[in-house]
Amino acid sequence: MENDDAPLISPTDFNPAREEDAPLDEPETIFYSSSESEEENDESDSNSTTQPLLNDDPLSPISSLRNRRVSSTTLRLRQLRQKKNSRLGVLCLAMAVLIASSKDAVFKRIFTKSSHFNACNVLCGSNLIGLLTLPLLFKKDLTFAKVKQIKKRHWGIMFFATSLYSVLGPMFYLIGLQTSSVVDAAILSRLESLEFLLFATCFIPNSTLDLWATTNAFIILCGVVASIVTKPFFNSSSGYIDVDKGAVYIIAGGGCFVGSLLLTKRFLSDIPVGILGMFRVSMGTAVYHTQAVIRSDENNRGYLNVELWENLWWFALVYVTLFQAVWLFALQNAKSVHISVGTTGIFLLSLMWAYFIVPGTSLTGSQIISCAVIAFGVVSGIARGIYQAKKEKKKAARMKMKDNLVRDSEVGTRGVI
(Lines give C-alpha, C1' and ligand atoms only; values in the text may rest on other atoms or scores of the structure.)
Protein backbone atom coordinates (compact mmCIF):
# COMPACT_ATOMS: atom_id res chain seq x y z
CA MET A 1 0.00 0.00 0.00
CA GLU A 2 1.27 3.42 -0.88
CA ASN A 3 2.19 5.89 1.78
CA ASP A 4 -0.79 8.03 2.83
CA ASP A 5 1.50 11.02 3.48
CA ALA A 6 2.94 11.02 -0.03
CA PRO A 7 2.53 14.33 -1.93
CA LEU A 8 -0.36 14.35 -4.37
CA ILE A 9 1.57 16.36 -7.00
CA SER A 10 5.09 15.53 -8.02
CA PRO A 11 7.74 18.32 -8.24
CA THR A 12 7.76 18.21 -12.04
CA ASP A 13 4.03 18.84 -12.61
CA PHE A 14 2.71 21.99 -14.29
CA ASN A 15 2.00 25.15 -12.34
CA PRO A 16 -1.63 25.02 -11.07
CA ALA A 17 -2.42 28.34 -12.77
CA ARG A 18 -1.39 27.02 -16.17
CA GLU A 19 -3.14 23.73 -15.51
CA GLU A 20 -6.49 25.53 -15.19
CA ASP A 21 -5.95 27.23 -18.55
CA ALA A 22 -5.14 23.99 -20.31
CA PRO A 23 -7.83 21.33 -19.76
CA LEU A 24 -6.77 17.74 -19.97
CA ASP A 25 -9.12 16.91 -22.83
CA GLU A 26 -7.59 19.44 -25.27
CA PRO A 27 -5.40 17.87 -27.96
CA GLU A 28 -1.75 18.64 -27.69
CA THR A 29 -1.57 20.22 -31.18
CA ILE A 30 -0.51 23.85 -31.73
CA PHE A 31 -1.32 25.70 -35.01
CA TYR A 32 0.31 28.68 -36.75
CA SER A 33 -1.05 30.94 -39.48
CA SER A 34 0.43 30.91 -43.00
CA SER A 35 -0.16 34.69 -43.40
CA GLU A 36 2.83 36.98 -42.97
CA SER A 37 1.28 39.43 -40.49
CA GLU A 38 -1.61 39.79 -38.07
CA GLU A 39 -3.25 42.48 -40.33
CA GLU A 40 -3.24 40.18 -43.31
CA ASN A 41 -4.57 37.41 -41.12
CA ASP A 42 -7.42 39.65 -39.90
CA GLU A 43 -8.32 40.75 -43.42
CA SER A 44 -8.23 37.36 -45.02
CA ASP A 45 -9.16 34.70 -42.49
CA SER A 46 -10.81 32.68 -45.17
CA ASN A 47 -7.68 32.56 -47.28
CA SER A 48 -5.30 31.65 -44.49
CA THR A 49 -4.36 28.06 -44.06
CA THR A 50 -3.31 26.36 -40.87
CA GLN A 51 -0.67 23.75 -40.38
CA PRO A 52 0.27 21.90 -37.21
CA LEU A 53 3.40 23.13 -35.49
CA LEU A 54 3.67 20.20 -33.06
CA ASN A 55 1.84 16.94 -33.43
CA ASP A 56 0.83 14.84 -30.42
CA ASP A 57 3.98 12.78 -30.60
CA PRO A 58 4.30 10.54 -27.52
CA LEU A 59 8.05 11.14 -27.60
CA SER A 60 7.81 14.93 -27.63
CA PRO A 61 8.38 16.95 -24.40
CA ILE A 62 4.85 18.40 -24.51
CA SER A 63 3.24 14.97 -24.82
CA SER A 64 5.44 13.65 -22.05
CA LEU A 65 4.35 16.48 -19.73
CA ARG A 66 0.69 15.94 -20.64
CA ASN A 67 0.93 12.25 -19.86
CA ARG A 68 2.54 13.04 -16.54
CA ARG A 69 -0.25 15.52 -15.75
CA VAL A 70 -2.85 12.84 -16.50
CA SER A 71 -0.95 10.28 -14.43
CA SER A 72 -0.81 12.79 -11.58
CA THR A 73 -4.60 13.14 -11.64
CA THR A 74 -4.98 9.37 -11.71
CA LEU A 75 -2.57 9.06 -8.80
CA ARG A 76 -4.54 11.66 -6.85
CA LEU A 77 -7.81 9.75 -7.32
CA ARG A 78 -6.11 6.47 -6.45
CA GLN A 79 -4.66 7.90 -3.24
CA LEU A 80 -8.03 9.30 -2.19
CA ARG A 81 -9.60 5.89 -2.75
CA GLN A 82 -6.80 4.21 -0.82
CA LYS A 83 -7.25 6.63 2.10
CA LYS A 84 -10.93 5.77 2.24
CA ASN A 85 -10.21 2.04 2.12
CA SER A 86 -7.49 2.49 4.74
CA ARG A 87 -9.98 4.06 7.16
CA LEU A 88 -12.44 1.23 6.51
CA GLY A 89 -9.57 -1.23 6.93
CA VAL A 90 -8.77 0.16 10.39
CA LEU A 91 -12.45 -0.09 11.35
CA CYS A 92 -12.64 -3.70 10.12
CA LEU A 93 -9.40 -4.50 11.95
CA ALA A 94 -10.85 -3.15 15.20
CA MET A 95 -13.96 -5.31 14.72
CA ALA A 96 -11.83 -8.38 13.95
CA VAL A 97 -9.67 -7.86 17.04
CA LEU A 98 -12.73 -7.42 19.27
CA ILE A 99 -14.34 -10.55 17.83
CA ALA A 100 -11.20 -12.67 18.15
CA SER A 101 -10.46 -11.52 21.70
CA SER A 102 -14.00 -12.13 22.97
CA LYS A 103 -14.55 -15.60 21.49
CA ASP A 104 -13.18 -17.60 24.43
CA ALA A 105 -15.07 -15.60 27.04
CA VAL A 106 -18.37 -15.83 25.15
CA PHE A 107 -17.96 -19.59 24.63
CA LYS A 108 -17.16 -20.09 28.32
CA ARG A 109 -20.15 -18.00 29.41
CA ILE A 110 -22.62 -19.98 27.26
CA PHE A 111 -21.01 -23.34 28.11
CA THR A 112 -21.48 -22.76 31.85
CA LYS A 113 -25.22 -22.25 31.27
CA SER A 114 -25.90 -24.97 28.68
CA SER A 115 -24.29 -28.40 28.64
CA HIS A 116 -25.33 -28.83 24.99
CA PHE A 117 -23.06 -25.94 24.01
CA ASN A 118 -19.97 -28.16 24.03
CA ALA A 119 -16.98 -28.37 21.71
CA CYS A 120 -18.37 -30.98 19.33
CA ASN A 121 -21.81 -29.39 18.88
CA VAL A 122 -20.39 -25.88 18.49
CA LEU A 123 -17.87 -26.98 15.87
CA CYS A 124 -20.55 -28.94 13.99
CA GLY A 125 -22.93 -25.99 13.81
CA SER A 126 -20.28 -23.32 13.21
CA ASN A 127 -18.75 -25.13 10.25
CA LEU A 128 -22.19 -25.84 8.78
CA ILE A 129 -23.22 -22.18 8.94
CA GLY A 130 -19.84 -21.18 7.54
CA LEU A 131 -20.34 -23.62 4.66
CA LEU A 132 -23.67 -21.94 3.85
CA THR A 133 -22.62 -18.29 4.22
CA LEU A 134 -18.94 -18.02 3.23
CA PRO A 135 -19.55 -18.70 -0.52
CA LEU A 136 -21.08 -15.22 -0.67
CA LEU A 137 -17.80 -13.81 0.61
CA PHE A 138 -15.48 -15.95 -1.53
CA LYS A 139 -17.53 -16.08 -4.75
CA LYS A 140 -14.74 -14.48 -6.84
CA ASP A 141 -12.33 -17.29 -5.95
CA LEU A 142 -14.78 -20.16 -6.37
CA THR A 143 -14.36 -20.88 -10.08
CA PHE A 144 -13.54 -24.13 -11.86
CA ALA A 145 -10.61 -22.49 -13.61
CA LYS A 146 -8.91 -21.63 -10.32
CA VAL A 147 -9.69 -25.05 -8.84
CA LYS A 148 -8.10 -26.81 -11.84
CA GLN A 149 -4.91 -24.78 -11.40
CA ILE A 150 -4.24 -26.39 -8.00
CA LYS A 151 -1.79 -29.27 -8.26
CA LYS A 152 -2.32 -32.68 -6.69
CA ARG A 153 0.63 -32.09 -4.37
CA HIS A 154 -1.01 -28.94 -3.05
CA TRP A 155 -4.31 -30.76 -2.48
CA GLY A 156 -2.48 -33.28 -0.31
CA ILE A 157 -0.74 -30.58 1.73
CA MET A 158 -4.01 -28.65 2.02
CA PHE A 159 -5.76 -31.76 3.34
CA PHE A 160 -3.14 -32.30 6.03
CA ALA A 161 -2.99 -28.59 6.98
CA THR A 162 -6.79 -28.42 7.18
CA SER A 163 -6.84 -31.49 9.42
CA LEU A 164 -4.69 -29.54 11.86
CA TYR A 165 -6.39 -26.14 11.47
CA SER A 166 -10.09 -27.04 11.23
CA VAL A 167 -10.35 -30.44 12.95
CA LEU A 168 -7.73 -31.22 15.60
CA GLY A 169 -6.75 -27.68 16.56
CA PRO A 170 -10.17 -26.23 17.46
CA MET A 171 -11.34 -29.51 18.98
CA PHE A 172 -8.39 -29.74 21.38
CA TYR A 173 -8.59 -26.05 22.22
CA LEU A 174 -12.31 -25.98 23.04
CA ILE A 175 -12.10 -29.21 25.05
CA GLY A 176 -9.33 -27.62 27.10
CA LEU A 177 -11.31 -24.39 27.48
CA GLN A 178 -14.24 -26.32 28.93
CA THR A 179 -12.16 -27.26 31.98
CA SER A 180 -9.70 -24.34 32.13
CA SER A 181 -10.26 -20.67 32.84
CA VAL A 182 -10.22 -18.06 30.09
CA VAL A 183 -7.20 -16.41 31.75
CA ASP A 184 -5.18 -19.64 31.68
CA ALA A 185 -6.18 -20.18 28.04
CA ALA A 186 -5.03 -16.66 27.14
CA ILE A 187 -1.69 -17.19 28.87
CA LEU A 188 -1.02 -20.58 27.30
CA SER A 189 -2.09 -19.34 23.87
CA ARG A 190 0.90 -16.99 23.84
CA LEU A 191 3.04 -20.06 23.21
CA GLU A 192 1.65 -20.17 19.67
CA SER A 193 3.45 -17.00 18.62
CA LEU A 194 6.71 -18.29 20.11
CA GLU A 195 6.41 -21.62 18.33
CA PHE A 196 5.60 -19.92 15.03
CA LEU A 197 8.59 -17.56 15.29
CA LEU A 198 10.94 -20.43 16.10
CA PHE A 199 9.81 -22.83 13.37
CA ALA A 200 9.29 -20.11 10.76
CA THR A 201 12.89 -19.00 11.20
CA CYS A 202 14.05 -22.58 10.69
CA PHE A 203 11.81 -23.76 7.84
CA ILE A 204 10.52 -20.71 5.93
CA PRO A 205 13.04 -18.99 3.62
CA ASN A 206 13.86 -15.32 4.20
CA SER A 207 12.31 -15.39 7.69
CA THR A 208 14.70 -13.51 9.95
CA LEU A 209 14.39 -12.89 13.68
CA ASP A 210 15.97 -9.69 14.97
CA LEU A 211 17.21 -9.08 18.51
CA TRP A 212 14.15 -7.09 19.56
CA ALA A 213 11.73 -9.83 18.46
CA THR A 214 13.88 -12.47 20.15
CA THR A 215 13.84 -10.49 23.40
CA ASN A 216 10.06 -10.12 23.26
CA ALA A 217 9.65 -13.84 22.66
CA PHE A 218 11.88 -14.65 25.64
CA ILE A 219 9.89 -12.27 27.87
CA ILE A 220 6.60 -13.91 26.87
CA LEU A 221 8.09 -17.38 27.44
CA CYS A 222 9.13 -16.30 30.95
CA GLY A 223 5.57 -15.12 31.58
CA VAL A 224 4.06 -18.43 30.50
CA VAL A 225 6.53 -20.42 32.61
CA ALA A 226 5.84 -18.15 35.58
CA SER A 227 2.16 -19.10 35.51
CA ILE A 228 3.18 -22.73 36.12
CA VAL A 229 6.18 -22.61 38.45
CA THR A 230 4.80 -19.93 40.81
CA LYS A 231 1.61 -21.82 41.69
CA PRO A 232 3.09 -23.49 44.84
CA PHE A 233 3.82 -20.04 46.31
CA PHE A 234 0.11 -19.20 46.27
CA ASN A 235 -1.43 -22.67 46.56
CA SER A 236 0.24 -25.22 48.81
CA SER A 237 -1.58 -28.12 47.14
CA SER A 238 0.03 -27.40 43.75
CA GLY A 239 3.38 -28.69 42.59
CA TYR A 240 6.11 -26.80 40.74
CA ILE A 241 5.11 -28.42 37.47
CA ASP A 242 1.37 -28.73 37.90
CA VAL A 243 -0.34 -28.71 34.50
CA ASP A 244 -3.95 -29.85 34.41
CA LYS A 245 -5.61 -31.80 31.61
CA GLY A 246 -7.27 -28.70 30.15
CA ALA A 247 -3.92 -26.93 29.80
CA VAL A 248 -2.50 -29.93 27.92
CA TYR A 249 -5.40 -29.80 25.44
CA ILE A 250 -4.93 -26.03 24.94
CA ILE A 251 -1.21 -26.41 24.27
CA ALA A 252 -1.89 -29.30 21.87
CA GLY A 253 -4.51 -27.24 20.03
CA GLY A 254 -2.11 -24.34 19.73
CA GLY A 255 0.55 -26.65 18.31
CA CYS A 256 -1.92 -27.81 15.63
CA PHE A 257 -2.68 -24.21 14.66
CA VAL A 258 1.02 -23.40 14.37
CA GLY A 259 1.70 -26.48 12.24
CA SER A 260 -1.13 -25.54 9.89
CA LEU A 261 0.07 -21.94 9.57
CA LEU A 262 3.60 -23.08 8.78
CA LEU A 263 2.37 -25.41 6.03
CA THR A 264 0.12 -22.72 4.60
CA LYS A 265 2.88 -20.12 4.67
CA ARG A 266 5.47 -22.45 3.14
CA PHE A 267 3.48 -24.35 0.50
CA LEU A 268 -0.02 -22.86 0.08
CA SER A 269 0.64 -19.12 -0.26
CA ASP A 270 -0.48 -19.18 -3.93
CA ILE A 271 -3.80 -20.91 -3.23
CA PRO A 272 -6.77 -18.49 -3.52
CA VAL A 273 -8.11 -17.55 -0.10
CA GLY A 274 -11.67 -18.45 -1.02
CA ILE A 275 -10.80 -21.98 -2.08
CA LEU A 276 -8.69 -22.55 1.03
CA GLY A 277 -11.40 -21.15 3.32
CA MET A 278 -14.20 -23.20 1.77
CA PHE A 279 -12.07 -26.35 1.83
CA ARG A 280 -11.53 -25.83 5.56
CA VAL A 281 -15.19 -25.37 6.49
CA SER A 282 -16.25 -28.21 4.17
CA MET A 283 -13.81 -30.62 5.74
CA GLY A 284 -14.69 -29.43 9.24
CA THR A 285 -18.41 -29.91 8.56
CA ALA A 286 -17.92 -33.44 7.23
CA VAL A 287 -15.55 -34.58 10.01
CA TYR A 288 -17.46 -33.11 12.95
CA HIS A 289 -20.85 -34.39 11.80
CA THR A 290 -19.36 -37.84 11.25
CA GLN A 291 -17.82 -37.69 14.73
CA ALA A 292 -21.17 -36.60 16.20
CA VAL A 293 -22.85 -39.65 14.69
CA ILE A 294 -20.14 -42.02 15.95
CA ARG A 295 -20.02 -40.47 19.45
CA SER A 296 -23.78 -40.43 19.95
CA ASP A 297 -23.82 -39.74 23.69
CA GLU A 298 -26.32 -37.63 25.61
CA ASN A 299 -24.67 -34.27 24.95
CA ASN A 300 -24.04 -34.87 21.27
CA ARG A 301 -27.65 -35.90 20.73
CA GLY A 302 -28.50 -32.37 21.78
CA TYR A 303 -27.16 -31.04 18.46
CA LEU A 304 -30.74 -30.52 17.27
CA ASN A 305 -31.78 -29.03 20.60
CA VAL A 306 -33.57 -25.67 20.47
CA GLU A 307 -31.59 -24.41 23.47
CA LEU A 308 -28.32 -25.02 21.62
CA TRP A 309 -29.35 -23.22 18.44
CA GLU A 310 -30.67 -20.19 20.32
CA ASN A 311 -27.04 -19.27 20.87
CA LEU A 312 -25.25 -21.21 18.15
CA TRP A 313 -26.73 -19.43 15.12
CA TRP A 314 -25.48 -15.95 16.10
CA PHE A 315 -22.26 -17.34 17.59
CA ALA A 316 -21.40 -18.93 14.22
CA LEU A 317 -22.42 -15.88 12.19
CA VAL A 318 -20.28 -13.55 14.31
CA TYR A 319 -17.22 -15.72 14.95
CA VAL A 320 -17.06 -17.48 11.57
CA THR A 321 -18.72 -15.43 8.81
CA LEU A 322 -18.41 -11.86 10.10
CA PHE A 323 -14.90 -12.44 11.42
CA GLN A 324 -13.69 -13.79 8.08
CA ALA A 325 -15.22 -10.84 6.21
CA VAL A 326 -13.74 -8.05 8.36
CA TRP A 327 -10.41 -9.80 8.87
CA LEU A 328 -9.75 -10.34 5.16
CA PHE A 329 -10.74 -6.74 4.35
CA ALA A 330 -8.42 -5.50 7.10
CA LEU A 331 -5.51 -7.57 5.78
CA GLN A 332 -5.98 -6.06 2.32
CA ASN A 333 -6.46 -2.41 3.29
CA ALA A 334 -5.13 -1.66 6.80
CA LYS A 335 -1.52 -0.65 7.35
CA SER A 336 0.94 -3.23 8.62
CA VAL A 337 1.59 -1.27 11.81
CA HIS A 338 -2.13 -1.24 12.62
CA ILE A 339 -2.40 -4.99 12.02
CA SER A 340 0.66 -5.64 14.19
CA VAL A 341 -0.61 -3.49 17.05
CA GLY A 342 -4.12 -4.94 16.84
CA THR A 343 -3.15 -8.61 16.80
CA THR A 344 -0.54 -8.12 19.52
CA GLY A 345 -3.11 -6.49 21.81
CA ILE A 346 -5.55 -9.42 21.61
CA PHE A 347 -4.04 -10.90 24.78
CA LEU A 348 -4.85 -7.84 26.89
CA LEU A 349 -8.34 -7.56 25.43
CA SER A 350 -9.07 -11.24 26.11
CA LEU A 351 -8.33 -10.68 29.81
CA MET A 352 -10.73 -7.74 29.85
CA TRP A 353 -13.47 -9.76 28.15
CA ALA A 354 -13.01 -12.60 30.65
CA TYR A 355 -13.30 -10.19 33.58
CA PHE A 356 -16.51 -8.56 32.31
CA ILE A 357 -18.30 -11.55 30.72
CA VAL A 358 -17.41 -14.71 32.67
CA PRO A 359 -18.87 -14.65 36.19
CA GLY A 360 -16.43 -15.20 39.04
CA THR A 361 -13.31 -14.44 36.98
CA SER A 362 -10.44 -13.27 39.17
CA LEU A 363 -6.68 -13.45 38.81
CA THR A 364 -4.71 -15.67 41.14
CA GLY A 365 -1.27 -14.70 42.39
CA SER A 366 0.54 -16.76 39.77
CA GLN A 367 -1.72 -15.40 37.02
CA ILE A 368 -1.03 -11.80 38.08
CA ILE A 369 2.73 -12.36 37.82
CA SER A 370 2.38 -14.14 34.50
CA CYS A 371 0.05 -11.55 32.98
CA ALA A 372 2.30 -8.70 34.13
CA VAL A 373 5.37 -10.25 32.47
CA ILE A 374 3.47 -11.11 29.27
CA ALA A 375 1.90 -7.63 29.17
CA PHE A 376 5.39 -6.12 29.24
CA GLY A 377 6.37 -8.29 26.29
CA VAL A 378 3.16 -7.34 24.46
CA VAL A 379 3.77 -3.61 24.94
CA SER A 380 7.34 -4.09 23.76
CA GLY A 381 6.02 -5.91 20.69
CA ILE A 382 3.64 -3.03 19.93
CA ALA A 383 6.53 -0.56 20.25
CA ARG A 384 8.61 -2.70 17.90
CA GLY A 385 5.79 -2.73 15.33
CA ILE A 386 5.50 1.07 15.42
CA TYR A 387 9.28 1.46 15.13
CA GLN A 388 9.46 -0.92 12.17
CA ALA A 389 6.62 0.96 10.44
CA LYS A 390 8.39 4.31 10.83
CA LYS A 391 11.61 2.74 9.55
CA GLU A 392 9.88 1.38 6.46
CA LYS A 393 8.17 4.73 5.92
CA LYS A 394 11.49 6.59 5.90
CA LYS A 395 12.97 4.02 3.53
CA ALA A 396 10.02 4.39 1.14
CA ALA A 397 10.37 8.20 1.26
CA ARG A 398 14.05 7.96 0.34
CA MET A 399 13.29 5.63 -2.55
CA LYS A 400 10.56 7.95 -3.82
CA MET A 401 12.86 10.98 -3.65
CA LYS A 402 15.47 9.07 -5.62
CA ASP A 403 12.86 8.08 -8.21
CA ASN A 404 11.71 11.72 -8.56
CA LEU A 405 15.30 12.86 -9.17
CA VAL A 406 15.74 10.21 -11.85
CA ARG A 407 12.52 11.24 -13.62
CA ASP A 408 13.46 14.94 -13.45
CA SER A 409 16.79 14.23 -15.09
CA GLU A 410 15.02 12.30 -17.87
CA VAL A 411 12.51 15.08 -18.62
CA GLY A 412 15.06 17.89 -18.49
CA THR A 413 13.92 21.51 -18.89
CA ARG A 414 10.29 22.38 -19.62
CA GLY A 415 9.29 23.12 -23.18
CA VAL A 416 8.29 26.77 -23.70
CA ILE A 417 5.99 27.70 -26.64
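UniProt, in an unreviewed entry, lists "transmembrane region" for residues 86-103, 115-134, 155-175, 211-234, 246-264, 312-330, 337-358 and 364-387. The structure examined here is a predicted model, and two of these segments serve as a convenient starting point. Over residues 86-103 the chain is 100% helix and 0% strand, with 26 Å between the end C-alpha atoms. Residues 155-175 are likewise 100% helix and 0% strand, and there the end C-alpha atoms lie 29 Å apart.

Turning to the chain as a whole, the model contains 15 helices and two strands. Of its 417 residues, 38% are buried. The accessible surface amounts to about 24400 Å², and carbon and sulfur atoms contribute 63% of that area. Among contacts with a separation of 6 or more, 85% join residues 24 or more positions apart.

The nonpolar interior comes next. The largest nonpolar core has 53 residues, and within this core F117 and F347 touch the most other members. Helix 3, residues 61-113, gives the most to this core, with nine residues. A second, separate core holds 11 residues, including I150, I157, C256 and L276. As for F347, its contacts beyond four places in sequence are A186, I187, R190, C371, I374, A375 and V378.

Helix 12 deserves a closer look. This helix covers residues 306-333, and the record's segment 312-330 is one of the listed transmembrane regions. At 1.5 Å a residue, the 28 residues of helix 12 should span 40 Å, and the end C-alpha atoms are indeed 40 Å apart, so expectation and model agree. There is nevertheless a bend of about 35° at F323. The buried residues of helix 12 are L308, L312, F315, A316, Y319, V320, T321, V326, L328, A330 and N333. By way of background, an α-helix has 3.6 residues a turn, so residues three or four places apart point the same way.

V318 also belongs to helix 12, but is it buried or exposed, or something in between? With a relative accessible area of 26%, V318 counts as partly exposed, because the buried class requires a value under 20%. Beyond its neighbours within four places in sequence, V318 is in contact with I99 and F323; the latter is the residue at which helix 12 bends. V318 and A100 are 218 residues apart in sequence, yet their C-alpha atoms are 9.9 Å apart in space.

Two serines offer a contrast to V318. S260 sits in helix 10, which runs over residues 245-267. The relative accessible area of S260 is 0%, so this serine is buried. Its contacts, leaving aside neighbours within four places in sequence, are A161, L164, Y165 and R280.

S370 lies in helix 15, residues 365-411. Here too the relative accessible area is 0%, so S370 is buried. Which residues does S370 contact, once neighbours within four places in sequence are set aside? They are I187, G223, V224, A226 and S227. I187 also appears among the residues touched by F347, a residue already met as a member of the largest nonpolar core.

How values were computed: Residues are numbered from 1 along each chain as its sequence is written. This is a predicted model: local features need pLDDT of at least 70, side-chain atom pairs count only at pLDDT 80 or more; totals for chains, interfaces and linings use all residues. Side-chain values use heavy atoms; hydrogens and water are left out. UniProt positions are given in the numbering used here, feature names are shortened, and annotations may be inferred rather than shown by experiment. Helices (H or I, at least four residues) and strands (E, at least two) are DSSP runs, numbered from the N terminus. Buried means under 20% relative accessible area, exposed over 50%, partly exposed in between (1.4 Å probe, protein chains only). Contact means heavy atoms within 4.5 Å. Accessible areas come from the Shrake-Rupley method with a 1.4 Å probe; for residues, only the protein chains shown count as cover. A nonpolar core is a set of buried Ala, Val, Leu, Ile, Met, Phe, Trp, Tyr and Cys residues joined through side-chain atoms within 4.5 Å. The expected span of a helix is 1.5 Å times one less than its number of residues. The bend at a residue is the angle between axes fitted to the seven residues ending there and the seven starting there.
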